[in-house]
Structure formats: C-alpha cells, structure tokens
Amino acid sequence: MERRTRYDIYKDILETVRRRGATGITRISYGANLPVDRAKEAVEFLMERKLVDEEEYGGNMKYVITGKG
C-alpha cells in the first residue's frame with residue numbers, strides 16, 4: 001500500500017467536512033483515517049489557511065468548510 005502525502009490527507013479532511021457539514025474532530029479523524037492528534041494538527045493547518053473554520057454548536061466545537069475550502 002502506498003503512503004499518502006499530506007495533501008491527500010488534507011483532501012480527505014476537506015471532503016469529510018464537505019460531506020458531513022459541521023463536524024467534530026473525532027468524525028474528521030474517522031473520515032480521514034487518522035489518529036485524533038494528527039487530525040487536529042492537520043485541521044489547524046487548514047484553519048491557518050482559511051480553508052476550515054471552527055464554530056461552537058451547543059458547547060461543542062465543530063469544523064465547517066469555508067468558501068475558499
């Protein structure tokens with residue numbers, strides 16, 4: 001099995017958030033097939049580049065895709 005590049009991982013995360021809408025980090029990690037700690041790092045990278053935004057829903061932090069993403 002071939003290793004995924006970081007860009008493949010970012011694509012998987014963006015696709016997961018696009019499909020599911022407002023999504024928590026656990027669901028993102030499942031969708032991108034990553035451990036939660038690595039999913040958090042990748043989501044932070046995407047947030048720095050304004051591709052994903054963090055919003056609060058009922059006391060929980062969820063991630064949504066931006067127009068740029």
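**Briefing: fold and helix packing of a predicted chain**

Read from its beginning to its end, the protein chain follows the pattern α-α-α-β-β, which comes to three helices and two strands (DSSP runs numbered from the N terminus, with helices being H or I of at least four residues and strands E of at least two). This is a predicted model, in which local features need pLDDT of at least 70 and side-chain atom pairs count only at pLDDT 80 or more, while totals for chains, interfaces and linings use all residues. Residues are numbered from 1 along each chain as its sequence is written, and side-chain values use heavy atoms, with hydrogens and water left out.

**Helix packing**
- The axes of helix α1 (residues 6-20) and helix α3 (residues 36-48) come within 10 Å and cross at roughly 80 degrees, the axes being lines fitted to C-alpha atoms over the stretch in contact and the angles running from 0 to 180 degrees between N-to-C directions.
- That crossing makes α1 roughly perpendicular to α3, a term that covers angles of 65 to 115 degrees.
- Helix α1 contributes Y10, I13 and L14 to the contact, and α3 contributes A42, V43, F45 and L46, where contact means heavy atoms within 4.5 Å.

**Overall dimensions and burial**
- Along the principal axes, the C-alpha atoms of the protein chain fill a box of roughly 40 × 25 × 20 Å.
- Of the 69 residues in the protein chain, 32% are buried, meaning under 20% relative accessible area with a 1.4 Å probe, protein chains only.
- Among contacts between residues at least 6 apart in sequence, 38% join residues at least 24 apart.

Conventions. Parallel < 35°, antiparallel > 145°, perpendicular 65-115°, else oblique. Buried < 20%, exposed > 50% of the residue type's maximum accessible area, 1.4 Å probe, protein only.
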